[in-house]
Amino acid sequence: MTQTVEALFDEGIERYKAGEAPETLIPLFKEVCDRSRKSSSAWTCLAWLYLLVGKPNQAYEAAHKAVKLNPQDPQARVNLVLAMLDTSKKGVREHVEVAQQLMMAIADLREEVQQNIEEGLTRKPDWKNLQRVKAWLFES
């Protein structure tokens, strides 16, 4: 029997939290996105995985969809900013500012983004653009 999209998504999150490599999780999250095209959280996760494995063009496409589906998700915007920096696209500041506003309005979102950034730097310590975004969001 095929897993529900929700169960598949939850499984992917648990496997990620358990330390599984992003490369092995990308197909799972692609399937979730294919089966649930309007799930901004699935697109956000897929973008993050692409960023971790150094595929900024795919990350940009996934993050762009996530932001389009849920403009109020600061993590989706952070992912989009990272992909834009990695692909030298313009318009980064607007997304950083919106993410900052959303995080100021809702403390839980701020904490979640901060945890995600720290986790990203644990997995990829030399991630210069993530360090830049962290400074923009939390040190300015």
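These are my notebook entries on a predicted model, covering a pocket, some helix 5 residues and the salt bridges.

**Ground rules.** I number residues from 1 along each chain as its sequence is written, and I leave hydrogens and water out, using heavy atoms for side-chain values. Because the model is predicted, local features need pLDDT of at least 70 and side-chain atom pairs count only at pLDDT 80 or more, while totals for chains, interfaces and linings use all residues.

**Entry 1, the pocket.** I looked up the largest pocket and found about 440 Å³ of space in it. I take a pocket to be an open set of points on a 1 Å grid over the protein atoms alone, where a 1.4 Å probe fits, with protein on both sides within 12 Å along at least five of seven lines; lining residues have an atom within 4 Å of a point. The volume is the space filled by probe spheres set on the points, which are joined across faces, edges and corners. Of the 16 lining residues, I13, Y16, C45, W48 and N116 are the closest to the centre. Helix 1 (5-17), helix 3 (40-52), helix 5 and helix 7 (107-123) each give two or more residues to the lining. Helices here are DSSP runs (H or I, at least four residues), numbered from the N terminus. Helix 3 gives the largest share, 5 residues.

**Entry 2, helix 5.** I went through three residues of this helix, which covers residues 74-86. Q75 is in helix 5 and counts as buried because its relative accessibility is 5%. Buried means under 20% relative accessible area, exposed over 50%, and partly exposed in between (1.4 Å probe, protein chains only). Contact means heavy atoms within 4.5 Å. Not counting residues up to four places away in sequence, Q75 touches T44, W48, V113 and N116.

What is the nearest side chain of opposite charge to R77? It is E94, 4.7 Å away, and R77 is buried without a salt bridge. For charge, Lys and Arg count as positive and Asp and Glu as negative; His and the chain ends are not counted. A salt bridge needs a side-chain nitrogen of Lys or Arg within 4 Å of a carboxyl oxygen of Asp or Glu. Outside its neighbours within four places in sequence, R77 is in contact with V67, P71, H95, V98 and A99.

L85 is also found in helix 5; at 17% relative accessibility, L85 counts as buried. Setting aside neighbours within four places, I find L85 in contact with V92, N129, R132, V133 and W136.

**Entry 3, a loop residue.** S88 is in the loop between helix 5 and helix 6 (92-105). Its phi is near 60°, a positive value in a residue other than glycine. Most residues other than glycine have a negative phi. Is S88 buried or exposed? S88 counts as exposed, at 64% relative accessibility.

**Entry 4, salt bridges.** I searched the whole structure and got 6 salt bridges. E118 and K134 form one, at 2.7 Å from N to O. E118 lies in helix 7 and K134 in helix 8 (residues 128-138), so the pair ties together parts 16 residues apart in sequence. E118 is partly exposed at 34%, and K134 is partly exposed at 23%. Salt bridges with shared partners join E11, R15 and E20 into one network. Within it, E20 pairs with R15, with the closest N and O atoms 2.7 Å apart. R37 forms a salt bridge with D34, where the closest N and O atoms are 3.6 Å apart.
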